[in-house]
Amino acid sequence: MANPDVKEILCDCVINLRENPKRRRETVYVGCGAGFGGDRPLAALKLLQRVEELNYLVLECLAERTLADRWLSMASGGLGYDPRVSEWMQLLLPLAVERGTCIITNMGAIDPSGAQKKVLEVAGELGLTISVAVAHEVHFETGSGSSFGGQYCSAGGTSTYLGAAPIVECLEKYQPNVIITSRVADAALFLAPMVYELGWNWNDLELLAQGTLAGHLLECGCQLTGGYFMHPGDQYRDMAFPLLQDLSLPYAEIGYDGKVCVSKVEGSGGILNTSTCAEQLLYEIADPSAYITPDVVIDIRGVSFLPLSDCKVQCSGAKPSSNTSVPEKLLRLIPKECGWKGWGEISYGGNGSIQRAKASEFLVRSWMEETIPGVNHCILSYVIGVDSLKATSNGTESWQSCGDIRLRMDGLFKLKEHAVQLTKEFTALYTNGPAGGGGISTGHKMEIVLEKRLVSRESVMWKTGLQHTNTSEPETSEHHSPEKMPKLPKENPKNLTMRGYQSGFHHSPAPSGQKIPLYSVAHSRAGDKGNDINFSIIPHYSPDVQRLKLIITPQWVKHVMSVLLSTSSFLELDAKPMDENVSVEIYDVEGIHAMNVVVRNILDGGVNCSRRIDRHGKTISDLILCQQVVL
């Protein structure tokens with residue numbers, strides 16, 4: 001099916017200027033087809049169908065959690081690449097090939113060559129003649145990857161965040177239909193086609209900064225265009241449910257001079273405005289004066305957004321950081337076993353349900369102490385439907401009568417048998433616990449944490465390669481003819497009138513001297529980086545930021561976040577950990593009149609080993625916004 005590899009190119013990550021880069025276009029159109037591994041392929045097809053000028057479609061499907069999952073899978077003989085790659089390609093390849101749109105994706109994870117082979121198989125089944133390039137890290141000492149069961153991956157599952165250069169190399173050497181990568185920084189997936197098409201060089205730092213801004217805004221897909229934004233009860237973010245039904249994935253128009261406009265499809269659902277752009281701008285960036293990517297460190301404090309229409313926003317103001325414009329080292333992720341997770345859930349309803357959950361927790365902890373003394377500190381418990389997300393204002397009584405709750409206990413142990421024991425003791429609640437408990441579910445698994453390490457550019461090696469299908473079927477095969485493709489709903493013209501509030505809504509100052517919920521003053525989005533949480537505070541009325549700065553202090557944030565350190569829903573059972581390792585950083589973002597808050601060491605070890613129901617800490621934005629404040 002596939003022709004032999006074109007000779008592979010081996011390089012390190014030291015920045016070498018491009019030789020006589022050619023400007024191939026005045027403007028390039030880059031779309032986001034996926035913002036995470038669980039995104040919707042049909043939404044990507046809609047974007048392809050509706051935006052004919054799209055030159056590139058990026059599928060950003062790899063995160064620290066999914067990378068750890070791929071390592072575990074490959075170590076046990078499973079797939080090291082995203083198993084949904086065939087589903088995505090079956091749907092997207094026919095139209096992408098017809099339109100000449102190149103697909104770039106990091107679905108290769110720790111086995112890009114395996115993903116390449118799968119995509120070629122899919123193309124062959126569709127009767128398509130295509131070329132598929134790979135760009136991935138190789139281990140420095142050997143110049144090749146080690147293997148699990150003969151499959152390619154970086155040594156021991158190690159993955160380093162690569163920049164845009166390997167993808168640019170693929171575009172220059174091969175002009176492929178598809179590029180599959182290992183761990184490449186999210187924004188770099190989008191930056192690469194800009195560098196290639198617009199003739200930029202690696203020392204064009206002002207242009208790279210604007211290109212990286214575009215990539216960062218696009219990388220989370222519909223989070224830019226109204227997804228993860230609608231909030232009933234918030235007068236500034238409420239919208240009709242049908243507006244979310246046909247969200248448009250975003251795309252960007254980038255000029256050779258660094259002018260950036262982000263857009264959504266006209267007539268589609270969702271919303272694109274300065275508020276959605278501001279939330280995505282601050283998402284997981286930590287210090288806004290030094291947002292680090294492998295290609296450039298950018299300062300986004302002066303970024304501003306100018307709406308050009310209901311579907312298009314101009315983005316300007318990103319620049320290289322004044323301290324260090326290019327990072328000297330790269331971030332490497334090294335998988336390490338962090339223990340065995342064991343968990344159990346049980347439901348209670350009706351009168352006294354909370355007290356029965358309290359009794360059940362007491363019993364399971366007592367039984368664990370009886371069989372394995374000294375492990376109760378490893379167990380975290382909470383009541384779903386009452387306090388599992390801790391999203392209540394400090395001092396607010398949350399233990400009112402509840403008709404339907406679910407107790408969950410989650411432990412992380414050094415030994416597998418301890419995790420298994422928790423599931424056994426929890427199951428015993430059926431005959432040994434309070435009355436009326438049902439729907440027990442339990443489980444256990446090994447957890448992986450990705451240890452972070454900075455490494456020199458010279459020590460990180462990557463290579464590219466190419467394979468292509470060899471089929472005699474014509475490119476107009478019935479397998480991918482337009483009439484055989486899924487029929488999509490037409491754009492809803494009512495969406496334009498339904499969205500009218502976004503441009504005409506009057507924003508006014510928050511009242512002074514009154515106790516009001518923070519969500520009536522500002523909006524927020526939270527995201528994680530390792531064991532740290534990053535959330536924004538973006539006032540609805542820009543001048544209110546000055547009053548918010550007097551309230552949102554490190555001490556205030558620590559006090560509000562302290563509820564996350566509890567290991568039990570019931571205070572008398574709670575052995576609250578010390579919080580000396582928790583620290584708070586607050587940054588001003590003048591361009592959008594906002595604040596960015598980083599809380600270190602608050603996520604129970606991070607997404608890969610956290611015992612909390614919300615491992616990413618995404619719901620922390622509402623914990624913050626429900627606090628009562630006086631401006």
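The following dialogue examines cores, helices, strands and single residues in a predicted model.

Student: Which conventions apply to the values discussed here?
Tutor: Residues are numbered from 1 along each chain as its sequence is written, and side-chain values use heavy atoms, with hydrogens and water left out. As the model is predicted, local features need pLDDT of at least 70, totals for chains, interfaces and linings use all residues, and side-chain atom pairs count only at pLDDT 80 or more.

Student: Which helix gives the largest share of the largest nonpolar core?
Tutor: A nonpolar core is a set of buried Ala, Val, Leu, Ile, Met, Phe, Trp, Tyr and Cys residues joined through side-chain atoms within 4.5 Å. Buried means under 20% relative accessible area, exposed over 50%, and partly exposed in between, with a 1.4 Å probe and protein chains only. The largest core has 79 residues, and Met-194, Trp-200 and Ile-254 are among those with the most contacts inside it. Helices are DSSP runs of H or I with at least four residues, strands are E runs of at least two, both numbered from the N terminus, and the largest share of this core, 9 residues, comes from helix α6.

Student: How many residues does the second, separate core have?
Tutor: This core includes Leu-45, Leu-93, Ile-130 and Cys-222. Its size is 41 residues.

Student: Which residues in contact with Trp-200 lie outside its sequence neighbourhood?
Tutor: Contact means heavy atoms within 4.5 Å, and neighbours within four places in sequence are left aside. The residues in contact with Trp-200 are then Arg-18, Pro-21, Leu-191, Met-194, Val-195, Leu-207, Leu-208, Gly-211, Ile-254, Gly-255, Tyr-256 and Gly-258.

Student: Is Tyr-196 buried or exposed?
Tutor: Tyr-196 lies in helix α6, and its contacts beyond four places in sequence include Arg-18, Tyr-56 and Val-168. Its C-alpha atom is separated by 9.4 Å from that of Arg-25, 171 residues apart along the chain. Because its relative accessibility is 7%, Tyr-196 counts as buried.

Student: What is the relative accessible area of Asn-201?
Tutor: Asn-201 is placed in the loop between α6 and α7. Not counting residues up to four places away in sequence, Asn-201 touches Leu-17, Arg-18, Pro-21 and Leu-208. Asn-201 is buried, with a relative accessible area of 9%.

Student: How far is the charged end of Arg-23 from the ring centre of Tyr-256?
Tutor: A charge sits over a ring if NZ of Lys or CZ of Arg is within 6 Å of the ring centre and within 35 degrees of the ring normal. The charged end of Arg-23 sits over the ring of Tyr-256, and its distance from the centre is 3.8 Å.

Student: Which residues of helix α8 are buried?
Tutor: Helix α8 spans residues 274-281 and is mostly covered, with 7 of its 8 residues buried. These residues pack against α7, β11, β14, β15, β23 and β25. The buried residues are Ser-275, Thr-276, Cys-277, Ala-278, Glu-279, Gln-280 and Leu-281.

Student: Which strands stand at the edges of the sheet β12-β13-β16?
Tutor: Two strands pair if DSSP finds at least two bridges between them. The sheet is open and its pairing is antiparallel; 2 bridges join β12 to β13, where Tyr-291 stands opposite Ile-298. Each edge strand has a single partner, so one side of each is left without a neighbour in the sheet; these strands are β12 and β16.

Student: What is the bridge partner of Asn-534 in β27?
Tutor: Strand β27 is mostly covered, with 6 of its 7 residues buried. It is joined to β26 by 7 bridges, and β25 and β27 pair in the antiparallel sense over 5 bridges. The bridge partner of Asn-534 in β27 is Val-598.

Student: Where is His-593, and what phi does it take?
Tutor: His-593 belongs to the hairpin of β26 and β27, which has 4 residues between the strands. Its phi is positive, near 55°.

Student: What is the relative accessibility of Asn-601?
Tutor: Asn-601 has a positive phi of about 60° although it is not a glycine. Asn-601 lies in the loop between β27 and α16. It counts as partly exposed, because its relative accessibility is 37%.
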